[in-house]
Amino acid sequence: MNSNEIKNKNDKFEELNSKEIEEVVEKLIKKELKVYQLDKLIGEKNAVVVRRIYLEKLSNVKTEHIGQYTIDEKPAMQKNIENMIGAIQVPLGFAGPLIVNGEYAEGEFQIPLATTEGALVASINRGCSIISKCGGSTVRVIGDKMTRAPIIATKSVSDALKLKNWIEENFDKIKEVAESTTRHGKLIDVSPVIIVGKNVYPRFCFTTGDAMGMNMVTIATERVCNLLEEEMAKLGIKISTVALSGNVCVDKKPSAINLIEGRGKSIVAEVFLTEEMVNKYLKTTSKAIEYVNTNKNLIGSAIVNSLGFNAHFANIIGALFLATGQDAAHVVEGSMGITTAECQDDGLYFSVTLPDVPIATIGGGTRVETQQECLKILGCAGNGNSKKFAEIVASTVLAGELSLVGALAAGHLAKAHSELGR
Ligand SMILES: CC(C)(COP(=O)([O-])OP(=O)([O-])OC[C@H]1O[C@@H](n2cnc3c(N)ncnc32)[C@H](O)[C@@H]1OP(=O)([O-])[O-])[C@@H](O)C(=O)NCCC(=O)NCCSC(=O)C[C@@](C)(O)CC(=O)[O-]
Ligand SMILES: NC(=O)C1=CN([C@@H]2O[C@H](COP(=O)(O)OP(=O)(O)OC[C@H]3O[C@@H](n4cnc5c(N)ncnc54)[C@H](OP(=O)(O)O)[C@@H]3O)[C@@H](O)[C@H]2O)C=CC1
């Protein structure tokens, strides 16, 4: 079905006429209605149009592009967005083929990438081309968990310690209660359980199947908090949940704990390039790449206390996350990690380690039609595909990282961006 046909299909609804639209907009202006009440009142499609016209009046801006899209508003408004007025468009390109030698992803892949940064896709494409000429990336998922850590207040440090001990001695009971809320979420650990003053921060760690899992683990953790309150009350100890998220999770912030313990998928990808390959395709030497990597990604990052011992994981993660419907705020977590470059006798060993990549092939934004198509291009839509997707993500990061570090070593960065980015 082409985009016009999709649009025609979406357009078969009880459309308000222009007089009716004006009447509803007038009510919004007079504050007799709220914009979020429109969905139920006049239907999702009409609500989008009316809200957009209302916003045009308020801002005096004609939104001729925001209103052009083919995604279905109804499911989007049920699961992904409130007060919808349209959709933004981000240019989408692709890099590839990229040969991946993973446990779950095996073969050649074309990688959809959404960005507005000129030179980025070209750079990743160059990395894909070089890695593939070298036989492909070797990649493994080395960890898989999603975490939620509430703050639980007690009356004293001795009560806090009793709560911590109870949690550590009753894992099976906690697991049973947590897993009663979900088919795919499995509690695998409660660690660490941190005490600060009289408050306790237990970090609940789950596997979440092919979903990224934040809704899943939040719902499950709330149920566990209720259990803890009931069980502590039986021991005569009063506790209360201060907040379901106490920032020890750590969701959507850079953190040492996620770098060390991992969160989402933890992934490592590597490649070996002969010296000839480095000279021919990166126009530099293994020695120069190792030198840049050590002094930039390791020492430079250490000087400024950065948690990203890499050049631009965030660029590749960001473009892939936008294209495939991941939670964009998780780019901050995916930006952490370490790039290594090691000069060997006959060439260059190059690797990326990504400890914290929260991703999904089910749930969240993955269902939005355009993002779903991108997941399908990768052969990663739906059930049973999140580890395969993780391996492709890490291999793409390897490609982008190799190309940029190579360009810096060759002194080509400014030239590339003046030619392709401005
Ligand atoms: C620009 C290149 C790739 C030229 O690189 P080159 O080696 O001069 O290009 P080439 O013409 O010899 O072609 C080599 C390969 O590049 C690809 N390629 C080449 N041109 C295109 C194109 N137009 N469209 C698509 N693909 C392209 C293509 O794959 C081709 O191989 P083939 O497939 O032909 O065997 C290179 O100089 C480069 O990668 N530079 C680095 C640019 C980069 O990585 N930018 C990332 C953003 S920088 C940033 O945001 C972060 C930063 C830098 O601030 C972080 C930090 O602090 O480090
Ligand atoms: N609540 C919060 O605090 C936060 C929420 N978010 C948002 O959470 C959303 C993601 O939450 P998440 O829990 O991943 O997704 P969803 O809320 O979409 O939940 C996933 C759903 O898919 C079902 N499911 C079916 N097949 C599978 C499968 N193979 N693997 C896993 N689940 C399956 C699950 O069922 P079942 O549960 O029965 O297993 C569940 O109902 C995103 O929109 C994100 O932006 C982000 C950060 C924080």
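Is N305 buried or exposed? At 68% relative accessibility, N305 counts as exposed, since the cut-off for that label is over 50%. Keep in mind that this is a predicted model. Below is a quick tour of the ligand 1 site, two helices, and a handful of backbone oddities.

**Around ligand 1**

- The shell around ligand 1 holds 19 residues, and E117, S123, K283, K296 and S403 come nearest.
- Sorted by character, that shell divides into seven nonpolar, seven polar and five charged residues.
- K283 also makes a polar contact: an N or O atom in its side chain sits 2.6 Å from an oxygen atom of ligand 1.
- N315 does something along those lines, with a polar side-chain atom 3.0 Å from an oxygen atom of ligand 1.
- With N125, the ligand atom is a nitrogen, and it lies 3.0 Å from an N or O atom of the N125 side chain.
- How much of ligand 1 does the protein bury? Ligand 1 on its own exposes 1,100 Å², and 62% of that is buried by the protein.
- Three elements give two or more residues to the shell: α6 (120-133), α16 (386-410) and α17 (413-420).
- Of the elements around the ligand, α6 provides the largest share of the shell, at six residues.

**Helix α11 and what follows**

- Helix α11 spans residues 275-282, and its buried residues are M277, V278 and L282.
- Those buried residues sit on the same side of α11 because they cover an arc of only 100 degrees around the axis.
- As background, an α-helix has 3.6 residues a turn, so residues three or four places apart point the same way.
- Turn to the face of α11 that points away from the buried side and you find the exposed residues E276 and K280.
- The cover over the buried residues of α11 includes α6, β8 (263-274), α12 (286-303), β11 (347-357) and α16.
- Two of those covering elements, α6 and α16, also turn up among the elements that supply the ligand 1 shell.
- Just after α11 comes K283, which takes a positive phi of about 55 degrees; K283 is also one of the residues that come nearest to ligand 1.

**T324 in helix α13**

- T324 belongs to helix α13, which covers residues 313-324.
- T324 has a relative accessible area of 0%, so it is buried.
- A polar atom of the T324 side chain lies 2.7 Å from the backbone oxygen of L320.
- Which residues does T324 contact, leaving aside its neighbours within four places in sequence? They are T366, Q371, C374, L375, L378 and F389.

**Backbone oddities**

- For context, most residues other than glycine have a negative phi, and most peptide bonds are trans.
- The bond joining G96 and P97 is a cis peptide, with omega about 5 degrees, and P97 lies in strand β1 (residues 92-101).
- Another cis peptide bond runs from C249 to V250, where omega is near -15 degrees.
- V250 sits in the loop between β7 (240-243) and α10 (256-261), and K252 is found in the loop between β7 and α10 too.
- K252 isn't a glycine, yet it has a positive phi of about 65 degrees.
- With a relative accessible area of 33%, K252 is partly exposed.
- Back to N305 from the opening: N305 is not a glycine either, but its phi is positive at about 60 degrees.
- N305 lies in the loop between α12 and β9 (308-309).

Terms used:
Residues numbered from 1 in each chain as written. Chains lettered and ligands numbered in written order. Predicted model: local features only at pLDDT ≥ 70, side-chain atom pairs only at ≥ 80, totals over all residues. Heavy atoms only, no water. Near = heavy atom within 4 Å. Polar contact = N/O pair within 3.5 Å; in protein donor to acceptor, adjacent residues only side chain to side chain. Areas by Shrake-Rupley, 256 points an atom, 1.4 Å probe, with all protein chains shown as cover. Helix = DSSP H or I, 4+ residues; strand = E, 2+ residues; numbered from the N terminus. Nonpolar A, V, L, I, M, F, W, Y, C, P; charged D, E, K, R; others polar. Buried < 20%, exposed > 50% of the residue type's maximum accessible area, 1.4 Å probe, protein only. Contact = heavy atoms within 4.5 Å. Arc of directions from axis to C-beta.
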